[in-house]
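Trainee: I've got this one open in the viewer and I'd like to talk it through with you. Can I fire some questions at you as we go?

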Amino acid sequence: MPSLWYYSSMKTFKFKLYQHKRNRYLKRMVNASGVIYNHCIALHKRYYRMWGKHLNCAKLQAHIAKLRKRNPFWQLVGSQSVQDICQRIEKAYKLFFKHNKSCVRPPGFKKVKKYKSFTLKQAGYKFLGANRVKIGNRVYQFWKSREIEGKVKTVTIKRTSLGELFMIVVVDDGFSLRIKTTTGNTAGFDFGLKTFLTCSDGSKIESPRFLKQSLSEIKKASKSHSKKLKGSFNRERARKNLVRSYEDISNRRRDWFWKLAHKLTDKFDVLCFETLNLKGMQRLWGRKVSDLAFGEFLQILEWVAKKKDKQLVFIDQWYPSSKTCSSCGHVLEKLELSTREWRCPSCQVVNGRDENAARNIQMVGASTIRLDDVSRAAPAIIA
């Protein structure tokens with residue numbers, strides 16, 4: 001039943017900057033950010049070798065501020081952008097020390113020409129109206145596809161592999177009024193290699209397999225790139241052609257993910273999934289898992305569910321969802337991956353592997369949440 005509720009959230013707008021010869025100044029700022037980043041990484045590594053401790057972020061910022069006064073190239077980047085670089089490195093090291101026994105690696109050096117972005121916070125930019133923005137002492141134009149609504153928090157200039165520049169604006173839109181629709185439906189979903197998603201209601205969602213569709217084009221572009229002389233103009237042109245092919249695949253896949261996420265959240269209030277070991281799956285099935293991109297889909301679905309006030313539930317990856325009979329609860333001792341259907345020795349029900357797993361995921365996921373969590377409301381609700 002629909003209801004009105006207020007919500008507060010951050011929004012992100014992405015705009016493409018027009019191609020212009022003055023864009024080279026922004027690219028120099030990105031390069032300077034890459035040099036500062038590598039210098040910070042070197043300081044971190046040296047400090048750890050000498051003292052066996054983690055370099056404090058405030059000390060690093062103070063040291064970089066002193067170095068910037070003597071280096072004109074570093075002064076191309078604003079002080080707040082340098083602070084953001086130090087904070088990102090600090091965050092990466094904290095994540096590494098938190099998961100030091102897993103496969104998480106500490107941040108490392110990056111090639112300056114492959115460094116992507118720098119971020120401006122409270123200062124260093126000014127929107128001049130229409131589609132113009134002032135960054136530093138120069139004015140740039142961008143493709144304004146929508147109005148920027150809310151208080152601007154950060155502005156990030158990002159450089160792609162093709163050399164194009166995008167402006168990413170993060171705003172706080174305050175409290176907004178939104179209509180919330182509830183269906184009362186709960187569903188479990190099982191990921192698969194042949195079928196992207198199998199729902200507990202029996203429906204199946206096939207993946208378009210965008211990489212597989214364009215594999216011949218990718219191979220042709222990659223072969224053409226490898227034949228060109230290193231450092232030549234033709235090799236750079238072939239590299240851009242290869243990058244465009246990969247970007248086209250990524251854009252089409254992401255568009256399909258967004259549409260699917262909205263479709264599922266409109267249909268269900270609670271969506272239950274099984275936690276995936278993506279790195280293990282990639283070792284077993286390689287390119288096929290990368291083409292399906294389960295991790296990217298879950299990130300998009302989590303964002304859409306949060307925006308619509310829907311709930312995502314993840315159950316333990318070691319729960320035997322495929323080996324457990326959804327009718328009587330009998331658990332098989334062993335079930336081969338090639339077995340797509342099996343008959344329960346207890347109740348004699350024939351279970352499809354994926355459909356049975358989806359029903360079990362739904363039951364376990366629904367049992368882990370309280371009834372009031374399913375129909376929970378936002379802090380301020382208007383009847």
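Trainee: Let's start with the open sheet of five strands. What is the order of its strands?

Mentor: Keep in mind that this is a predicted model. The pairing in this open sheet is mixed. Reading across its five strands, the order is β10-β9-β8-β11-β12.

Trainee: Which strands stand at the edges of that sheet, and why is one side of each left without a neighbour?

Mentor: Count partners: an edge strand here has a single partner strand, so one side of it has no neighbour in the sheet. The two strands in that position are β10 (204-205) and β12 (311-315).

Trainee: Staying with β12, which residue in it is the bridge partner of valine 270?

Mentor: Look at strand β11 (residues 270-274), which pairs with β12 in the parallel sense. Five bridges hold that pairing. Opposite valine 270, the partner in β12 is glutamine 311.

Trainee: Now over to β4. Which of its residues make up the covered face?

Mentor: Strand β4 spans residues 132-135 and has two unlike faces, one covered and one uncovered. Arg132 and Lys134 sit on the uncovered face. That leaves the covered face to Val133 and Ile135.

Trainee: Which residue in β5 does isoleucine 135 stand opposite?

Mentor: β4 has antiparallel pairings with two strands: three bridges link it to β3 (residues 125-127), and four link it to β5 (residues 138-141). On the β3 side, tyrosine 125 is across from isoleucine 135. On the β5 side, the residue across from isoleucine 135 is arginine 138.

Trainee: And the hairpin of β4 and β5: which glycine there takes a positive phi?

Mentor: Both hairpins around β4 have one. Between β3 and β4 there are four residues, and glycine 129 in that turn has a positive phi of about 90°. The hairpin of β4 and β5 has two residues between the strands, and its positive phi, near 70°, belongs to glycine 136.

Trainee: Which element gives the most to the largest nonpolar core?

Mentor: That core has 38 residues, and Ile135 is among those with the most contacts inside it, along with Leu26, Ile36, Ile64 and Met167. Elements that each supply at least two residues include α2 (57-70), α3 (79-98), β4 and β7 (165-180). The top contributor, with nine residues, is α1.

Trainee: How many residues are in the second, separate core?

Mentor: Trp256, Phe257, Val289 and Leu312 are included in this one. The second core is separate, and its count is 31 residues.

Trainee: On to the largest pocket. Which element gives the most to its lining?

Mentor: The pocket holds about 1,200 Å³ of space. Its lining has 33 residues, and the closest to the centre are Phe191, Trp285, Ser322, Leu337 and Arg353. β8 (186-191), α7 (278-285) and α10 (353-367) each supply at least two lining residues, but the most, four residues, come from α7.

Trainee: How many charged residues does that lining have?

Mentor: Split the lining by class. There are 13 nonpolar and nine polar residues. The charged ones number eleven.

Trainee: Last one, for the protein as a whole: what percentage of its residues count as buried?

Mentor: You're looking at eleven helices and 15 strands, with C-alpha atoms in a box of roughly 80 × 60 × 45 Å along the principal axes. The cut-off for buried is under 20% relative accessible area. Of the 383 residues, the buried share is 39%.

Conventions: Residues numbered from 1 in each chain as written. Predicted model: local features only at pLDDT ≥ 70, side-chain atom pairs only at ≥ 80, totals over all residues. Heavy atoms only, no water. 1 Å grid on protein atoms, 1.4 Å probe; cavity = no way out; pocket = protein on both sides within 12 Å on 5 of 7 lines; lining within 4 Å. Points joined across faces, edges and corners; volume = space filled by probe spheres on them. Nonpolar A, V, L, I, M, F, W, Y, C, P; charged D, E, K, R; others polar. Buried < 20%, exposed > 50% of the residue type's maximum accessible area, 1.4 Å probe, protein only. Pairing = 2+ DSSP bridges. Core = buried A, V, L, I, M, F, W, Y, C linked by side-chain atoms within 4.5 Å.
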